[in-house]
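Me: I'd like to practise reading a structure feature by feature. Can we walk through one together, with the cut-offs spelled out as we go?

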Amino acid sequence: MTNIRVADHPVDPQFVGRWSPRAFADKAVSEAQVLALLEAARWAPSASNNQPWRFVWALRGEAGFAAIADSLVPFNKAWAEKAGALIVVASRTVVDKDGAKQANGFHAFDAGTAWGHLALQAHLDGLSAHAMGGFDHAKTAAAIHLPEDHVLHAVVAVGYRGDVANLPEMLQSREAPSPRVPLAEIAKRGSFTA
Ligand SMILES: Cc1cc2nc3c(=O)[nH]c(=O)nc-3n(C[C@H](O)[C@H](O)[C@H](O)COP(=O)(O)O)c2cc1C
């Protein structure tokens with residue numbers, strides 16, 4: 001792992017600057033702020049421009065927020081319920097073609113791209129977005145009334161960064177930007193065996 005969060009090649013600072021904190025400030029996030037994040041997600045590229053991503057969101061204090069928070073695993077709920085907003089990322093697994101449903105093999109890839117847009121827009125807006133795969137799928141699906149032909153990917157906590165001292169002790173030392181493996185390990189020229 002590279003120890004420091006420094007790019008080996010020139011990139012816009014947003015890519016290295018974005019990270020996933022768990023300590024959120026007790027500061028509200030507005031509907032307009034969430035819509036800006038979803039707008040960024042909406043402009044992601046997708047296979048055949050199918051736009052399979054779907055989002056269900058709620059602000060802290062709303063019943064929908066509590067229902068989504070309750071579906072998180074306890075480890076995540078402990079810190080994520082202090083976020084200003086929760087956004088469930090889902091996707092539609094089929095497309096309508098020639099009057100029938102056809103499987104869309106790219107729905108997950110495209111939903112991931114959209115989440116990336118959302119996270120970077122949050123960073124640009126002075127917010128933090130932290131994705132979580134640790135949730136009870138059945139509970140989240142029930143909480144948001146997930147339609148058929150849809151699958152869940154992640155729940156994203158969004159908010160302003162807060163005081164690390166308010167986190168449970170075991171999470172305090174983990175509240176730091178993480179490193180990355182060297183580029184040479186993940187990108188090969190020509191083939192994996194080159
Ligand atoms: C799909 C996905 C699932 C994740 N699940 C969790 C989770 O359940 N709990 C958690 O604390 N962090 C979770 N994370 C956050 C990752 O651990 C984090 O993004 C990763 O360590 C890289 O750190 P960075 O985002 O700060 O750069 C998840 C991230 C992604 C993209």
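Reply: Sure, let's start with what sits on top of helix 3: the cover over its buried residues includes strand 1 (53-59), helix 4, strand 2 (85-92), helix 6 (137-144) and strand 6 (150-159). Helices (H or I, at least four residues) and strands (E, at least two) are DSSP runs, numbered from the N terminus. This is a predicted model, where local features need pLDDT of at least 70 and side-chain atom pairs count only at pLDDT 80 or more, while totals for chains, interfaces and linings use all residues. Residues are numbered from 1 along each chain as its sequence is written, and side-chain values use heavy atoms, with hydrogens and water left out.

Me: Which are the buried residues of helix 3?

Reply: Buried means under 20% relative accessible area, exposed over 50%, and partly exposed in between (1.4 Å probe, protein chains only). In helix 3 (residues 63-70), that gives Phe65, Ile68 and Ala69. Viewed down the helix axis, these buried residues fall within an arc of 100°, so they line one face of helix 3. The arc is that of the directions from the helix axis to the C-beta atoms. The general idea: an α-helix has 3.6 residues a turn, so residues three or four places apart point the same way.

Me: What does Glu81 touch, leaving out residues up to four places away in sequence?

Reply: Contact means heavy atoms within 4.5 Å. On that count Glu81 touches Arg60, Phe65 and Ala69. Glu81 lies in the loop between helix 4 and strand 2 and is partly exposed, at 34% relative accessible area. From Glu81 to Arg60 is 21 residues in sequence and 7.7 Å in space, C-alpha to C-alpha.

Me: Is Asn76 in helix 4 buried or exposed?

Reply: Asn76 is buried, with a relative accessible area of 7%. Setting aside residues up to four places away in sequence, Asn76 touches Met132 and Gly134.

Me: How many aromatic pairs are there?

Reply: A pair of aromatic rings is described by the distance of the centres and the angle of the planes. Rings of Phe, Tyr and Trp (its six-membered ring) pair if their centres lie within 6.5 Å; planes under 30 degrees apart count as stacked, over 60 as edge-to-face and the rest as tilted. By this rule there is one aromatic pair. The ring centres of Phe24 and Trp79 are 6.4 Å apart and the planes are at 25°, so this pair is stacked. Phe24 is in the loop between helix 1 (13-17) and helix 2 (31-42), and Trp79 is in helix 4 (residues 74-80), so the pair ties together parts that are 55 residues apart in sequence. Phe24 counts as buried at 9% relative accessibility, and Trp79 counts as buried at 2%.

Me: Where does Lys27 lie?

Reply: A charge sits over a ring if NZ of Lys or CZ of Arg is within 6 Å of the ring centre and within 35 degrees of the ring normal. Here, Lys27 lies over the face of Tyr160, at 4.0 Å from the ring centre.

Me: And zooming out, how many helices and strands does the protein chain have?

Reply: The protein chain has eight helices and six strands, running α-α-β-α-α-β-β-β-α-β-α-β-α-α from the N terminus on. Buried residues account for 37% of its 194 residues.
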